[in-house]
Number of protein chains: 2
Amino acid sequence: MTFPDKITLCEVGLRDGLQNEKTSLTTPQKLELAEAVVTAGMPVVELGSLMSPKAVPQMADTDELFKSMGNSPAELRALIANKKGVDRAFACGCKKVKLNVSASKAHNLANLNKTPAESVAGFAECAQAAKEGNIEISGSISMPFGSPWEGEIPLNDVREIVEAYLALGIDEISLSDASGMAVPSQVFNICEAMRKQYPGVRWWLHFHNTRGMGIANVTAAMEAGMTRFDSSFAGLGGCPFVPGAAGNIATEDVLYLCERMGIQTGVDFDAAMAIAARVTEMVGHPAESCLLKAGKGGLKQ
Amino acid sequence: MTFPDKITLCEVGLRDGLQNEKTSLTTPQKLELAEAVVTAGMPVVELGSLMSPKAVPQMADTDELFKSMGNSPAELRALIANKKGVDRAFACGCKKVKLNVSASKAHNLANLNKTPAESVAGFAECAQAAKEGNIEISGSISMPFGSPWEGEIPLNDVREIVEAYLALGIDEISLSDASGMAVPSQVFNICEAMRKQYPGVRWWLHFHNTRGMGIANVTAAMEAGMTRFDSSFAGLGGCPFVPGAAGNIATEDVLYLCERMGIQTGVDFDAAMAIAARVTEMVGHPAESCLLKAGKGGLKQ
């Protein structure tokens with residue numbers, strides 16, 4: 001078992017976590033959390049999404065967050081769906097955006113009459129606008145480890161999407177197990193295949209803990225040499241297909257894994273625990289975070 | 001990443017799960033669960049403990065369970081603490097008992113003025129009585145992956161305990177992360193070292209999900225060639241040092257891992273899910289089991 005010496009985390013609680021909450025936090029509350037996360041040393045933060053506020057009302061103030069967070073030492077990114085998102089990013093000073101497509105061919109064909117790769121090709125306008133606006137752009141592929149519609153996703157379908165992103169000049173790509181179906185052997189195999197075939201890609205992994213496999217999947221991805229992971233404070237978030245199930249892997253749980261395995265993250269563990277506790281106060285319900293429930297215990301500092 | 005084709009599970013919910021519940025289940029309720037677990041194909045079941053009912057009142061009817069379960073196709077075992085436990089095992093027809101010692105030298109010295117290995121040597125009378133009674137005996141080592149008292153446990157301390165068990169002719173040994181502190185790299189290293197140094201030992205691993213690492217630790221132990229694991233229906237149980245934290249790894253979660261990774265367990269997944277649901281009805285509170293909350297989802301049958 002070999003692991004990287006160092007990994008890079010992205011805090012996605014402000015986006016993937018809070019967009020699953022019934023009540024929206026206020027802009028000052030979000031800013032308090034965002035600033036605390038950056039101060040704790042988190043290198044990348046997904047602040048929100050620049051999409052229709054009708055679709056995701058909890059994220060309506062994302063432009064404001066970017067304006068307020070201005071010169072942050074962290075990389076701040078936003079999820080977008082189309083060129084309007086790039087335009088909003090340009091207007092609010094957001095320097096990094098992320099697109100997403102589902103790996104489920106059946107689902108994409110039924111909904112949009114396009115394959116996922118054709119959907120990505122349709123992002124050409126976004127990629128062009130981002131380039132002109134000096135905004136970095138990345139791409140996400142959701143459910144490459146399994147979809148509720150068709151079960152297993154052929155690896156060739158994932159490759160087609162990766163190549164569609166690369167054709168647009170997008171070489172930072174996230175594999176997102178939003179449906180929480182991934183298991184470690186599969187994660188290892190897919191990550192290893194992807195890294196070998198596309199060595200120039202900067203890969204991210206985004207795991208949910210829907211079926212309790214989250215930390216095992218992070219571990220498997222690290223064994224396959226992956227070094228960039230999303231996580232959410234207090235484990236906030238959910239699986240859009242399974243109401244009531246656990247959400248994103250908790251930032252604190254990933255930090256415990258890394259601290260005890262000697263893997264550097266640059267994030268202050270105690271500060272992250274305090275943020276998670278504050279988050280649960282703000283959202284008003286207990287968290288899925290195991291570390292928040294159990295504490296660090298005998299972990300030596 | 002290589003994994004065994006097949007693993008052996010022991011259902012410990014009736015012991016490690018139920019002994020953590022405030023209210024005791026009735027003997028008929030326990031028998032309903034035990035019979036369902038055996039019918040589901042579970043090869044080994046820890047039915048209860050044959051210890052002082054003052055110490056563990058929830059387990060006071062363990063003798064009755066053994067008498068009723070008589071000729072089960074599963075191996076039925078009981079936790080014991082001393083020779084009285086062997087005597088009770090003999091009287092109720094229990095054919096397999098398990099001893100336990102903590103790997104924490106500091107804790108053992110403070111409490112008993114003996115090292116853990118000296119405590120194991122004190123089990124000689126048990127081992128002799130079990131042999132005479134034709135009862136199989138196994139040994140457990142709790143907290144070899146870390147203790148709340150001293151943090152890391154030197155591997156030599158674990159070796160001393162293993163050798164003390166072997167000196168009594170006990171060659172089936174469980175490594176138990178009751179404090180929920182283990183992380184995958186450590187699990188892999190300790191399991192690999194133990195297997196290489198003591199190839200004749202039949203190893204068991206017992207993980208809790210206290211800090212969210214449970215399934216990752218099972219995966220790491222399997223990578224190190226381990227093939228015997230305890231788990232608890234509905235994830236019942238707890239960490240004795242962290243009230244409110246998650247308990248044993250859930251049997252259903254381990255089954256999801258194995259089903260999706262193509263590892264045989266011999267246990268019927270649907271039956272196990274139904275048992276977990278029934279357990280939560282009986283104990284009257286929601287479970288920690290991720291699979292029970294999320295369902296099997298897109299898992300193909």
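What follows walks through the barrel of chain B, the nonpolar core and the contact between chains A and B in a predicted model.

Chain B is a good place to start. Here 8 strands close into a barrel, running in the order β1-β2-β3-β4-β5-β6-β7-β8, and the pairing is parallel. On average, neighbouring strands of this sheet are turned by 30 degrees against each other, direction ignored. Take β1 and β2 of chain B as one example: residues 8-11 and residues 44-50 pair in the parallel sense over 2 bridges. Glu11(B) has Val45(B), in β2(B), as its bridge partner.

Helix α8 of chain B, residues 155-167, packs on the sheet. The strands touched by α8 are β4 (96-102), β5 (136-142) and β6 (172-177) of chain B, and the direction of the helix makes about 170 degrees with that of β5(B).

Now for the core. The largest nonpolar core holds 204 residues, and Ile161(A) and Ile161(B) are the ones that touch the most other members. Leaving aside residues up to four places away in sequence, Ile161(B) touches Val101(B), Ala103(B), Pro116(B), Ala117(B), Val120(B) and Ile141(B).

As for how the chains meet, 41 residues of chain A are in contact with 42 residues of chain B. On the chain A side, the elements giving two or more residues are α9 (184-197), α10 (214-223), α11 (251-261) and α13 (290-294). Sorted by class, that side of chain A has 21 nonpolar residues, along with 14 polar and 6 charged ones.

How values were computed:
Residues are numbered from 1 along each chain as its sequence is written. Chains are lettered from A and ligands numbered from 1 in the order in which they are written. This is a predicted model: local features need pLDDT of at least 70, side-chain atom pairs count only at pLDDT 80 or more; totals for chains, interfaces and linings use all residues. Two residues are in contact if their C-beta atoms, placed from the backbone, lie within 7 Å. Helices (H or I, at least four residues) and strands (E, at least two) are DSSP runs, numbered from the N terminus. Ala, Val, Leu, Ile, Met, Phe, Trp, Tyr, Cys and Pro count as nonpolar, Asp, Glu, Lys and Arg as charged, and the others, Gly among them, as polar. Two strands pair if DSSP finds at least two bridges between them. Axes are lines fitted to C-alpha atoms, for helices over the stretch in contact, and angles run from 0 to 180 degrees between N-to-C directions. A nonpolar core is a set of buried Ala, Val, Leu, Ile, Met, Phe, Trp, Tyr and Cys residues joined through C-beta atoms within 7 Å. A residue is buried if 20 or more other C-beta atoms lie within 10 Å of its own, exposed if 12 or fewer, and partly exposed in between; C-beta atoms are placed from the backbone.
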